[in-house]
Amino acid sequence: MIRAIILAAGRGSRMGALTAEQPKCFTRLHGRRLLDWQLAALRGAGIADIAIVRGYCADKFDEPVQYFDNPRWAETNMVRTLAEAGEWLRAGPCIVSYSDIFYSAETVRRLAASNEELAISYDPDWLQVWQKRFADPLADAETFRRHADGTLAEIGARSDSVAAIEGQYMGLLKFTSASWARIEALLAEQGAAADKLDMTSLLRHGLAQGWRIGTVPVAGPWGEVDSADDLAAYAEVSFDHVAD
């Protein structure tokens, strides 16, 4: 049985007043919180066991789910937040979701079905989304290349060519207990330095160590919300089939 973990510890300071008194995932899009869209998609994919890793404004959460807490959320990065849910990650496969994104149940189903020990979802049609969010898509977009067998070849660097970017990583991953064991070993090896490790840097480290990382194309609507301006960029996105 696969579980899901939502990483919701950070404040999201770029959201300004929208996160002054609430977690970033409480930001509303099309009338519902980002968190509501995530829970709908995960449950629509048949995942009943869901956990949220809290930090900033932890007392605001009252969803009937499992909770883990990162008391050091203000001084650590996303991989340390994920490690707070190590109990679940060691026990079996987990879908891991950033809390500032939205996606469909079908994307979750595709990711859960991946045979790779570690896999990520990505958008091959990323440019359409980035052109709505940025005057210059390359100001934010990062490299993303795949091998012929569909596994990840490169991620997370800057590029001066749209044509050289095959997709964009979207903040949705699948871990198995075997892949998480490698990551725990890395965290132990790095010690305090691992406090600043973000997820993309972790994936890049894994590639350098020869890890196989599967890639699964998104299906249906998705987006990430990094600023208040992003909310306007998704005004015309249809959310009709997020939970289907």
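Ile 95 stands opposite Lys 174 in strand E11, and that strand is a good place to start a tour of this predicted model. Strand E11 covers residues 168–175 and is mostly covered, with eight of its eight residues buried. From there we can look at its partner strands, then at the aromatic rings, and finally at the two largest pockets.

**Strand E11 and its partners**

- Ile 95 falls within strand E6, which spans residues 94–98 and is joined to E11 by four bridges.
- E6 and E11 run antiparallel.
- E11 also pairs with strand E8, residues 118–123, again in the antiparallel sense and over five bridges.
- In this second pairing, Tyr 122 stands opposite Tyr 169 in E11.
- As a general point, side chains in a regular strand alternate between the two faces of the sheet.

**Aromatic rings**

- How many aromatic pairs does the structure hold? There are 13 aromatic pairs in the structure.
- One of them joins Trp 126 and Trp 130 in an edge-to-face arrangement, with 6.0 Å from centre to centre and 75° between the planes.
- Where do these two tryptophans lie? Both Trp 126 and Trp 130 are in helix H5 (residues 126–133), four residues apart, which is about one turn of the helix.
- Are they buried or exposed? Trp 126 counts as buried because its relative accessible area is 2%, under the 20% cut-off.
- Trp 130 is buried too, with a relative accessible area of 1%.
- Another edge-to-face pair is made by Phe 175 and Trp 180, with 6.1 Å between the ring centres and 90° between the planes.
- Phe 175 and Trp 180 are both buried, and Phe 175 brings us back to E11, which ends at residue 175.
- Trp 37, Phe 102, Tyr 234 and Phe 239 are linked by ring pairs into a cluster.

**Charges over rings**

- Arg 3 places its charged end over the ring of Trp 88, at 4.3 Å from the ring's centre.
- Arg 54 lies over the face of Tyr 67, and here the distance to the ring centre is 4.2 Å.

**The largest pocket**

- Rolling a probe the size of a water molecule over the atoms shows where empty space is left.
- The largest pocket has a volume of about 1000 Å³.
- Which residues are closest to its centre? Of the 34 residues in the lining, these are Arg 14, Met 78, Tyr 98, Asp 100 and Asp 226.
- Strand E1 (3–8), helix H2 (78–83), E11 and helix H7 (199–208) are the elements that give two or more residues to this lining.
- E11 appears here again, with the largest share of the lining at four residues.
- By class, the lining of the largest pocket has 13 nonpolar, eleven polar and ten charged residues.

**The second largest pocket**

- The second largest pocket has a volume of about 230 Å³.
- Its lining includes Asp 123, Asp 125, Gln 128, Val 129, Lys 132, Val 218 and Gly 220.
- Pro 221, Trp 222, Val 237 and Ser 238 are also among the lining residues.
- Tyr 234 lines this pocket as well, and Tyr 234 belongs to the ring cluster described above.
- Helix H5, home of the Trp 126 and Trp 130 pair, gives the most to this lining, with three residues.
- The lining of the second largest pocket divides into six nonpolar, three polar and three charged residues.

Definitions and conventions: Residues numbered from 1 in each chain as written. Predicted model: local features only at pLDDT ≥ 70, side-chain atom pairs only at ≥ 80, totals over all residues. Heavy atoms only, no water. Buried < 20%, exposed > 50% of the residue type's maximum accessible area, 1.4 Å probe, protein only. Pairing = 2+ DSSP bridges. Phe/Tyr/Trp six-rings, centres within 6.5 Å; stacked < 30°, edge-to-face > 60°. Lys NZ or Arg CZ within 6 Å of the ring centre and 35° of its normal. 1 Å grid on protein atoms, 1.4 Å probe; cavity = no way out; pocket = protein on both sides within 12 Å on 5 of 7 lines; lining within 4 Å. Points joined across faces, edges and corners; volume = space filled by probe spheres on them. Nonpolar A, V, L, I, M, F, W, Y, C, P; charged D, E, K, R; others polar.
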